2 protein chains.
Amino acid sequence: MKQFFYPESIAVIGASEGTEKIGGKTLDAIISHGYEGRIYPIHPRHTHIGGLKAYPDVVSIEDKIDLAIIAIPAQLVCEAVRQCGQKAIPYVLVVSSGFNEAGAEGQALQAELLRVSKEVGVRVSGPNSEGLFTTRTKLAATFSPAINIEIGDLAAKRQIGIVSQSGGLGFGFYNRGRRDNLNFNHIVSVGNQVDLELSDYADYIIEQPETAVVMMYVESFANAKRFVELARRAAVLRKPIVIVKVGRSVAGGKAAASHTGALASPAKVVDAVLDACGVLRADDQGELLDIAAGLTNYALPKDDRVAVVSPSGGTAVWLTDALQAQGFELPTLDENSQSVLQTFIPSFGSTANPVDITAQTTVHGYSETLEVLAKADNIDAIILAASFAHEKRLISEGQRIAELSRSIGKPVLLYSYTLISEGSRARLRDLGLHCFTTIRGCVLALAAMRDYRNFLDKEKQPERVDWLPGPVQTKVKAVLKSYPGKVIAEFQAKQLMELYGIPIAQEAIATDPEHARQIAARIGYPVALKVHSADITHKTEAQVVQLGLPDDRSIEPAFRQILSRAKPYAPDAVIDGVLVQAMAKPGVEMMAGIVMDKQFGPMIMIGSGGIFAEVLEDTALAPAPLSLSESHSLIRRLKGNKLLDGVRGQPAADRNSLAQFLVRLSIMAVNLQNDLVEFDVNPVFVHPDGQGITIVDALGIRSTDEG
Amino acid sequence: MKQFFYPESIAVIGASEGTEKIGGKTLDAIISHGYEGRIYPIHPRHTHIGGLKAYPDVVSIEDKIDLAIIAIPAQLVCEAVRQCGQKAIPYVLVVSSGFNEAGAEGQALQAELLRVSKEVGVRVSGPNSEGLFTTRTKLAATFSPAINIEIGDLAAKRQIGIVSQSGGLGFGFYNRGRRDNLNFNHIVSVGNQVDLELSDYADYIIEQPETAVVMMYVESFANAKRFVELARRAAVLRKPIVIVKVGRSVAGGKAAASHTGALASPAKVVDAVLDACGVLRADDQGELLDIAAGLTNYALPKDDRVAVVSPSGGTAVWLTDALQAQGFELPTLDENSQSVLQTFIPSFGSTANPVDITAQTTVHGYSETLEVLAKADNIDAIILAASFAHEKRLISEGQRIAELSRSIGKPVLLYSYTLISEGSRARLRDLGLHCFTTIRGCVLALAAMRDYRNFLDKEKQPERVDWLPGPVQTKVKAVLKSYPGKVIAEFQAKQLMELYGIPIAQEAIATDPEHARQIAARIGYPVALKVHSADITHKTEAQVVQLGLPDDRSIEPAFRQILSRAKPYAPDAVIDGVLVQAMAKPGVEMMAGIVMDKQFGPMIMIGSGGIFAEVLEDTALAPAPLSLSESHSLIRRLKGNKLLDGVRGQPAADRNSLAQFLVRLSIMAVNLQNDLVEFDVNPVFVHPDGQGITIVDALGIRSTDEG
């Protein structure tokens, strides 16, 4: 992608004089920003455009061309790409609109564009892209109006790359971030992604030494698995990706057949995957930039203990609220630190934490306080609140604050509760200091830094999935074969689980009452009887379940009643018989499941059972496979997690068995990702600690490709 | 308060030359902002300060003085106030610090200040205030550095008042709001509120004709009931109050004795009261200003259907997500509207809603679209997204957009996805257009407008509490007298409820097994037996409850077992006997309660019962009394609300009986607000629709003032 991001020569197909048309706008931007490479305007008739020699087509150019920018009507684009192929131009950037976003005709054009580009061996960026901006070579190949601002520090060692599925927003992030002196290396608007897609650009950017953070705006993932690989590579490089993922409100495709499938919405799957691979999320433009600013400008805090320094008591209280809401602690400063602070903070201030230095403290109050906090062992991060409505404070001690911020090894975040005056902005820039302007943004930035540190800590000691099934493939295939329909009913679903080391209570399918009695006698009373049929998946609704049968005598009437109800409920159902199983011991009711996401692959869900599941949709989701500690974390994310600790005098439940079960279910999910689409384990009873779990019911939905 | 906000003459006690000291700073601010009244600097020695004649003390001034600003060391303030009394100055504003915020010594000074001010009849603002700014008379009686900005349109008909418990933040709101051309009439920093408090200032401001919105920053309410009255008055005037309430993280005072008391944290009480009186909340500075901007600049939307117009597809998707998350609808535009839009929007745009006018639409694209949306019956509010990184668009059609925004009777909110250039800002100001700069802020502003409209709609048709108890006072007093201890145990607690028309199942206290059998026979089996003692409030824990006793024979053993367990559990307990009651029919388990908030008075809580209460703290709270529709709304706010609709095949529960019960409980709460501090009704079983509720257990905690 080097020739795309750093072309030595470009052709602008559709260049025109003036800035009325997008071709003209784009050429004008390239020239006026001072692009360092060679520029060849292409125009069928003109000999000069924008003071440059123009060519009738790319083939006529004597020079080698790295990148052609195409800004001509959609119908003409394919032919232009063909010529680029002829000229052996490796990359084209199509800013023209009128493709997939423009009805059937446009879709046909986009399909043709893909075909032609493959045929002639040209990689295509766009179409319908707002372009590319590479700051180092001043390549402003875009018609975005938002980039006519000071370009920033091109030598900065920590820069931000932007890959955006919206040009308006992507260049808007740059526009906003520059005001806060964030430095950017590349901004790419990916357009319709006919060929090159999000991860192609981000892959290149993340490898650049000056890249510290990659910002992305994503509506949908063209290639989810490549994105996951990108995120893994970013984690290895310790370069965070901060993403805005929109389109949550878009309806979620086809209706799901299982409970798990219904609860695992596409938005929840994306959240789960991003969480698992350490991708940070933002929900607003300001938040995105604040998080990126935090990750670019500061070292990560070692722990979660924060000191707040403020001349305004109110600001200190508000920051405290916001920090505590995000899980930070504000420990009281030790006596020694406080006694030093007391030498220069007036008696109506506070030296505890928040440190209220008052509006009347010395002109060096911040830096003196910072020196104390640098040495305080119980402080990992510092927020300095100030008013930069004027630059007085930055003149009196900005230099010292900047030096200390760089040297003390703890992040020092500045926050101004008033607007930042132009004079203050200039001074902050000169001092290399970032300043947040909202409490929310400042605290969310610190929270993102903490989250990313936690993610890296976890990655440092990766816990491998420590359990592997034996050579079960043949047996699994046999079970699947024995039941060729779309639905895998309870008995076979449990057989599958058992092959993956999941404990299944003794049970069997009886074909007549006498058979049922024999099975029950073997299992031991009390027992439960249920109809077994792939065609009757809602057994409770169908009233084909009899629970707590106490003895021999109770079997036959129950057996007959079940069959007599099943017939009218589902006249065409194939009934295998009646499943006889032990009554489950009491326990906390949970549910679990597998859903094979079309984009992200096998996902594991755990949920609170019973009315919790019904009323609260209390579920947590993660990509499979899961390690044991990941399983435990997933369980802890449930609102109903407390139930497992034992409420209302109940004993604590067997968390470990539940977590082990999830690990094994997750391996089954990976192994059977081409065979299953959904798998419900519902309910699961989690017994008191040490007594394991009981899987009461299960149900699989097979992939139609297979079934 | 007129002389405070609009003094015709002021004395500045502690005036000094230069801006080193706060007295000097304040005098300088008053003079340099061009205060229109007469200014008298007070200084023990100087004859002139800041070019004005100075006086040794206020008594020496010949003129009448409306307001004295005091900026001298704390120890000297009381004497100065005494002199102000002598001079019959009605108001003093003490900016000096060193009072309650400065340890025991400061607290003594503040107590003395209160005493002196009462004695000499002077009303005190502050101390420890950052001052007052009245824009119309340019009275900048503050040392805040944040006000040296263009003052705004003093003739504007819709202005914002700021009353802030933090000067830094209060003047910071002004500082930030002015950049967006919000107009302010008064900014008050209330300081330590030794005398004048939040509501005194807000009361005055809300009555001013130009005031459209009052913004408040509050750490704690000095006088909660006056604040509620203020909010009621604001509702009558249709002038919204937008509040930032911090201090949520502050620990909540003494431990509560009942479940209700434990669940009703001070922060939840404040939320409940603010909700009930239509006070809008903000959690960030930007959010506060955006909400105020929405309420100041636009008519309230008639319904919740929004159209989004954007040249950037990404911005449209993001806005759609954010709007839907806030409960707004984006209906598809009708065919007629769409066909007009198609005449000027390119084919690669969209005319459905969001309307994507594309970056290439005509120079009048926004106003042409607005004209269509003005007539669209299914649209109540419009968001126009644009980039104002340059002013081109505002030049081409800003005038028309401004005219349409004023004339079409629907709010038209502008949002820029890039920063707003200085040129655009100037133009927006000239056009009288506000522009939001974050998606969150724009959508939250619209949501606040919707919420306020809903509140006003509700206020328009106030539903009076339609039930009043008979002449129960004597009977109530008798019940309370019969049980003089701190705890009111179940039987008496239920007697109280019965007096307030709440249905209580037949039950009685038995003193021996034979008595219990007689009661049980009267009630009908099965029955429950429980120990009855004000000293044993956790009956289940003490294992002194026997449920589902089927017949005559089962009474005696149960009776004896209960007593045998009660004795060792609580050896000193006074045991009244054993309560015999009917077993409750099944139903949805809920809990309810009363808590008498020290500040806000009687509050009613409703909660999901059982493990929902335990694990989720799923409760909703509102000030008493409640009307029937308020009760219904309160119930609907529970996460477990769905349980009442009937889940898992259960029938719908008797919501109406539950709501009726809450109404009556709320009247009891109001009547007994001086007798009770907490009251638990837990559990309450809500039976299927039409079958009422059963109150299974109850417990009261009496006010110690009475008990």
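The paragraphs below lead through a predicted model, beginning with the relation between chains A and B and then turning to a sheet in each chain and a pair of helices.

The arrangement of the two chains is a convenient starting point, since it frames what follows. Chain B is superposed on chain A by a rotation of 180° with 0.0 Å of shift along its axis, and the fit has an RMSD of 0.0 Å; that is the relation of a two-fold axis. To locate this axis in the viewer, one can look for Phe612(B), which among the residues of chain B comes closest to the rotation axis, with its C-alpha at 4.1 Å. The interface can be described in the same spirit: 100% of the interface residues of chain B are also interface residues in chain A, so the copies meet through the same surface.

Within chain A, the next element to find is an open sheet of 4 strands, whose order is S21-S24-S22-S23 and whose pairing is antiparallel. Its edges are formed by strand S21 (507-510) and strand S23 (545-549) of chain A, each of which pairs on one side only. Direction ignored, neighbouring strands of this sheet are turned by 25° against each other on average. In general, strands of a sheet pair through backbone hydrogen bonds, in either a parallel or an antiparallel manner. In the present case S21(A) and strand S24 (residues 577-582) of chain A run antiparallel and are joined by 4 bridges, and within S24(A) it is Val578(A) that serves as the bridge partner of Ala510(A).

Helices lie against these strands. Helix H19 (residues 513-523) of chain A lies across S21, strand S22 (527-532) and S24 of chain A, and runs at about 170° to S21(A). Helix H20 (residues 552-569) of chain A also packs on the sheet, where it touches S21, S22, S23 and S24 of chain A, its direction making about 25° with that of S22(A).

Part of this region carries an annotation, for UniProt, in an unreviewed entry, places the feature "domain: ATP-grasp" at residues 494-530 of chain A. In the model, the span 494-530 of chain A is 46% helix and 22% strand, and its end C-alpha atoms lie 14 Å apart.

Chain B can be read in a parallel way, with attention to other details. Its open sheet of 4 strands has the order S21-S24-S22-S23 with antiparallel pairing, and the twist averages 25° from one strand to the next. Where S21(B) meets strand S24 (residues 577-582) of chain B, 4 bridges join the two antiparallel strands, and Ile509(B) stands opposite Leu579(B) in S24(B). Helix H18 (residues 490-499) of chain B lies across S21, strand S22 (527-532) and S24 of chain B, running at about 150° to S21(B), while helix H20 (residues 552-569) of chain B lies across S21, S22, S23 and S24 of chain B at about 25° to S22(B).

A helix pair in chain A completes the tour. The axes of helix H14 (residues 392-407) of chain A and helix H15 (residues 422-431) of chain A come within 10 Å and cross at roughly 35°, and the crossing is right-handed. On the side of H14(A) the contact is made by Leu394(A), Ile395(A), Gly398(A), Gln399(A), Ala402(A) and Arg406(A), and on the side of H15(A) by Ser424(A), Arg427(A), Leu428(A) and Leu431(A). The residues of this contact divide into 5 nonpolar, 3 polar and 2 charged.

Notes: Residues are numbered from 1 along each chain as its sequence is written. Chains are lettered from A and ligands numbered from 1 in the order in which they are written. This is a predicted model: local features need pLDDT of at least 70, side-chain atom pairs count only at pLDDT 80 or more; totals for chains, interfaces and linings use all residues. Side-chain values use heavy atoms; hydrogens and water are left out. Axes are lines fitted to C-alpha atoms, for helices over the stretch in contact, and angles run from 0 to 180 degrees between N-to-C directions. A crossing is left-handed if the near helix is turned anticlockwise from the far one by less than a right angle, and right-handed if clockwise. Contact means heavy atoms within 4.5 Å. Ala, Val, Leu, Ile, Met, Phe, Trp, Tyr, Cys and Pro count as nonpolar, Asp, Glu, Lys and Arg as charged, and the others, Gly among them, as polar. UniProt positions are given in the numbering used here, feature names are shortened, and annotations may be inferred rather than shown by experiment. Copies are superposed by least squares on the C-alpha atoms of residues with pLDDT of at least 70 in both. Two strands pair if DSSP finds at least two bridges between them.
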